[in-house]
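Let's take a friendly walk through a protein model, one corner at a time. Keep the 3D view open while you read.

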Amino acid sequence: MVSLICTLQDHRDDVNCCAFSATLLATCSADKTLRIYNTQDFSEVSYSPLSGHGYGVHCCCFSACGKYLASCSTDGSTVVWSTDTGEIEAVLEHPGRSPVRVCAFSPDSSHLVSGASDGTLGLWDFPTKTLHRMGAVNDTTMVACSFTPCGQMFVTGSTYGDLRLWDLDMNQLHAEKNTHDLGVTCCCFGPKILSGGSGVVQFRLASCGQDSTLKIWIVSRSNTGSTLTTCYGCKMQLLHTLTGQSAPVLSCAFSADGQLLVSGSVDKTVTVYDASQGALLYTLNQHERYVTACAFSPSKPLIATGSMDKTVNIWSVEDGRSGHECKSLPVETARFSSEGRKLPGHSRLLVSDWSEEDVGAWLCDEGLEALVETFKANNIDGAELISMTKETLASELNIESVGLRSKVLRKVEELKAGCVCTGVPDEFLCPITRELMKDPVIAADGYSYEREAIESWIATKNRSSPMTNLPLQTTLLTPNRTLKMAIGRWRTSQ
């Protein structure tokens, strides 16, 4: 059976992805942060949250050894983190600086692949952190990728609805068109290599999409001999089409032994299937909004599911699949959260309105009393605080300790996330920065953005819409005075 053991409530915006290592759980969010938890008791590690991205974080994944964590973002980068210290090991800038939607390690961690909104793929040599090969599929967005368990091929899924197999030289080996009507949302290979006989190696592949289905495929590959390095041909055969959810299926993942398959859907449910038979075992009802992410632990019988309700649910999986009928499981659970901590100046919701005294009080509340005089001497108010960078702390405030600088920045990111998310109407937040807009403008796609954010986007993102990824017909921006007045009235009322 499957039972809910805890709910993590630390993110301040949609949870986009969950990933396990042997000992850690990583989650990432539109709030621009990653949070890292010990899987022993799901307490947050000392260096969490990780705040290195300028925009929302779409995907995260661990290297096989668990020493590295990769994350990718709308900011056009894939960041590699040390899981020992939480420090950034490398920043991999995607060519073209298009928003990076997905990233995945090869099983031996020798390669890392990243896929972007402009349809491009980057295959990175991970030991050297250098770009190995580039590939592209025109007129689509890459949203999913996964390596075969042998590590010699990977599959990508796109909003066009196709699944494509690639080798490590970025040669396209096979294209399966129209696998999901209206687009693929996620895909993943099973963990085991299957024998197809007569020099054929097979893999099990799961994919899901906007057509509300979860599909299981057999991917076959012909080889010259006993090795997996020379490929004569690939083909895909549909094994099962699973229809246990009533709305688009956004995520899927195999268990470590390949026997179970989990998926999350827009219908707010999590489903667990027998991967071999395609039989629905459990339907889990606990999230209040779309389920956007799911992952199995490689070392423990655990599932993590993330949602647009800003929570991550942790489920315990007990063996005993055979003979079970589908069961629906509403459950009670312990809820872990950092909410409820009262902040200095909390009567002013916006940190940018804080005085120097409010900043000093906040430093004391966060155990940073030693910096109060330094901040006061440099006239750091709320507006200065939220624009703080490592360079500012080092060169202008002369804070020499790397650890202390990192702690300050983590606290600032927590502060910004906490103050933005509670109570602010969503339509007042810029879709790019997820921060309250001061100078809202309407772009050619019909959406409203903070002027500075959309101007920067247009200058660096090839003039595509942040919301639709379609080309902007014009770069003309129209002031949204009605929205600006509404935001002003709301601020006055707080």
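Before we start, one bit of vocabulary: helices and strands here are DSSP runs, at least four residues long for a helix and at least two for a strand, and they are numbered from the N terminus. Also keep in mind that this is a predicted model.

## Two odd asparagines and a cis proline

Start with Asn-178, which sits in the loop between β16 (172–176) and β17 (184–197). Its phi is positive, at about 55°, although Asn-178 is not a glycine. Why point that out? Because most residues other than glycine have a negative phi. Is Asn-178 buried or exposed? Its relative accessibility is 60%, so Asn-178 counts as exposed.

Now hop over to Asn-398, in the loop between α4 (390–396) and α5. Here again phi is positive, about 55°, in a residue that is not a glycine. With a relative accessibility of 57%, Asn-398 counts as exposed.

There's another backbone quirk to find. Most peptide bonds are trans. The one running from Ser-48 to Pro-49, however, is cis, with omega near 5°. You'll find Pro-49 in the loop between β4 (34–38) and β5 (57–62).

## A four-strand sheet

Next up is an open sheet of 4 strands, in the order β13-β14-β15-β16, with antiparallel pairing. Which strands sit at the edges? They are β13 (142–147) and β16, and each of them pairs on one side only. Going from one strand to the next, the twist averages 20°.

Zoom in on β13 and its neighbour β14 (residues 153–158): the two run antiparallel and are joined by 5 bridges. One pair to click on is Ala-144 with its bridge partner in β14, Gly-157.

## A three-strand sheet with a helix on it

Further along the chain, 3 strands make up another open sheet, ordered β31-β30-β32 and paired in antiparallel fashion. The edge strands, β31 (448–450) and β32 (478–479), each pair on one side only. Packed on this sheet is helix α6 (residues 451–460), which touches β30, β31 and β32. The direction of α6 makes about 95° with that of β31.

How many bridges join β30 to β32? There are 2, and β30 (residues 440–442) runs antiparallel to β32. Look for Val-441, whose bridge partner in β32 is Pro-479.

## Salt bridges

Time for some charge. Side chains of opposite charge can pair when their charged atoms come close. Searching the whole structure turns up 8 salt bridges. One of them links Asp-162 and Arg-164, with the closest N and O atoms 2.4 Å apart. Both Asp-162 and Arg-164 are buried.

Another salt bridge joins the side chains of Glu-366 and Lys-411, at 3.4 Å from N to O. Glu-366 is in the loop between α1 (356–365) and α2 (372–377), while Lys-411 is in helix α5 (residues 402–421), so this pair ties together parts that are 45 residues apart in sequence. Glu-366 and Lys-411 are both buried.

Back at helix α6, Arg-451 forms a salt bridge with Asp-439, and their closest N and O atoms are 2.9 Å apart. Since Arg-451 belongs to α6 and Asp-439 to the loop between α5 and β30, the pair ties together parts 12 residues apart in sequence. Arg-451 is partly exposed, at a relative accessible area of 24%, and Asp-439 is also partly exposed, at 25% relative accessibility. Glu-455 joins in too: salt bridges with shared partners connect Asp-439, Arg-451 and Glu-455 into one network.

## A buried lysine

Our last stop is Lys-32, found in the loop between β3 (24–29) and β4. Is Lys-32 buried or exposed? Lys-32 has a relative accessible area of 12% and is buried; the cut-off for buried is under 20%.

What does Lys-32 touch? Leaving out residues up to four places away in sequence, the contacts include Leu-50, His-53, Tyr-55, Val-57 and Glu-435. Thr-433 is on the contact list as well, and its backbone oxygen lies 3.4 Å from a polar atom of the Lys-32 side chain.

Conventions:
Residues are numbered from 1 along each chain as its sequence is written. This is a predicted model: local features need pLDDT of at least 70, side-chain atom pairs count only at pLDDT 80 or more; totals for chains, interfaces and linings use all residues. Side-chain values use heavy atoms; hydrogens and water are left out. Two strands pair if DSSP finds at least two bridges between them. Contact means heavy atoms within 4.5 Å. Axes are lines fitted to C-alpha atoms, for helices over the stretch in contact, and angles run from 0 to 180 degrees between N-to-C directions. A salt bridge is a side-chain nitrogen of Lys or Arg within 4 Å of a carboxyl oxygen of Asp or Glu. Buried means under 20% relative accessible area, exposed over 50%, partly exposed in between (1.4 Å probe, protein chains only). A polar contact is a pair of N or O atoms within 3.5 Å; within protein, one must be able to donate a hydrogen and the other to accept it, and residues adjacent in sequence count only if both atoms are side-chain atoms.
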